[in-house]
Amino acid sequence: MSIQKTFSIIKPNAVKKGVMGDIINQFEQSGLRVAAAKLAVLSKEKCELFYAEHKERPFFGELVTFMTSGPVLLMCLAGENAVLKNREIMGATDPKKAAPGSIRAKHGDSMGENAVHGSDSPESAARELAIFFDKYEFVNL
C-alpha cells in the first residue's frame, strides 16, 4: 500500500483544554505520523476559504467565529489509508454518537465544538493541505 496524506485540525476547544498531546498520541498509536504541523490562529478570510463549501449553510457564521476564537493545531498526517484511518480515530461528528475511546467521544463538547477536523477524501485532503501548507513543509513521509 502507498502512503497517503490527510489534513487534520485540533480545534480551539481541544487546544484550550490542553489535550493536543493526547490527540497526537492517539494518531501516532494508530499508525499515523505527523508530517507537518503548525499552531496558529486562523484569520477570518482563511477560515472562510477553508469552509467555503458550507458558506450557504445556517451554521457557517458560528463555525467561522468558533474556529477563529483561539489557536488551532494544523497538521498533515501520513500513513497507509490515512484519510479513512484519521476519520475512524476521530469518531462521529456528534461526540455523543462517537465510538467510545474516539477523539470526539473523549474531547468533543458538541457537534460544532467536536475537538478535531479531518479530511473526508484524498481530494479534500489535497485541497485543504494546500490552503495551510507549502509543499516544502512536509517531512516524515
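Strands β2 and β3 run antiparallel to one another and are joined by seven bridges. One place to look in this predicted model is Val34, which stands opposite Leu77 in β3. On to the next pair: β1 and β3 are also antiparallel, with eight bridges between them. Ile3 has Glu80 of β3 as its bridge partner, and Ile10 is matched with Leu73 of β3.

Step back and the wider sheet comes into view. Four strands make an open sheet with antiparallel pairing, and their order is β2-β3-β1-β4. The edges are β2 and β4, each of which pairs on one side only. On average, and with direction ignored, neighbouring strands of the sheet are turned by 20 degrees against each other.

Two helices that pack on this sheet can be set side by side:

| Helix | Strands touched | Angle between directions |
|---|---|---|
| α2 (residues 20–29) | β1, β2, β3 and β4 | about 10 degrees with β3 |
| α5 (82–90) | β1, β3 and β4 | about 35 degrees with β1 |

How enclosed is β3 by the rest of the structure? Eight of its nine residues are buried, so β3 is largely enclosed.

Now for a closer look at α2. Which of its residues are buried? They are Ile23, Gln26 and Phe27. These buried residues line one face of α2, because they fall within an arc of 100 degrees when seen down the helix axis. The elements covering them include β1, α1 (12–17), β3, α5, α6 (103–107) and β4. Just after α2 comes Gly31, which takes a positive phi of about 95 degrees.

Helix α7 invites the same kind of tour. Spanning residues 122–132, α7 has Ser124, Ala125, Glu128, Leu129, Ile131 and Phe132 as its buried residues. Why do they sit on the same side of α7? They cover an arc of only 150 degrees around the axis, and this puts them on that same side. On the other side of α7, you will find Glu123 and Ala130 exposed. The cover over the buried residues of α7 includes three strands of the sheet's central and edge positions named above, β1 (3–10), β2 (33–40) and β3 (72–80), along with β4 (116–118) and the helices α3 (44–50) and α5 (82–90).Finally, the nonpolar interior. The largest nonpolar core has 22 residues, and those with the most contacts inside it are Phe7, Met67, Leu74, Phe132 and Phe133. At least two residues of this core come from each of β1, β2, α3, α4 (60–67), β3 and α7. Which element gives the largest share of this core? It is α4, with five residues.

Phe132 deserves a last look, as it is both one of the buried residues of α7 and one of the residues with the most contacts inside the largest core. Setting aside neighbours within four places in sequence, Phe132 is in contact with Phe7, Lys38, Leu42, Lys46, Phe50, Leu74 and Glu137. Apart from the largest core lies another core, of 16 residues, and Ile10, Phe27, Leu32 and Ala82 are among them. Two of these names have come up before: Ile10 is the bridge partner of Leu73 in β3, and Phe27 is one of the buried residues of α2.

Technical notes
Residues numbered from 1 in each chain as written. Predicted model: local features only at pLDDT ≥ 70, side-chain atom pairs only at ≥ 80, totals over all residues. Heavy atoms only, no water. Buried < 20%, exposed > 50% of the residue type's maximum accessible area, 1.4 Å probe, protein only. Arc of directions from axis to C-beta. Contact = heavy atoms within 4.5 Å. Pairing = 2+ DSSP bridges. Axes fitted to C-alpha atoms, helices over the stretch in contact; angles between N-to-C directions. Core = buried A, V, L, I, M, F, W, Y, C linked by side-chain atoms within 4.5 Å.
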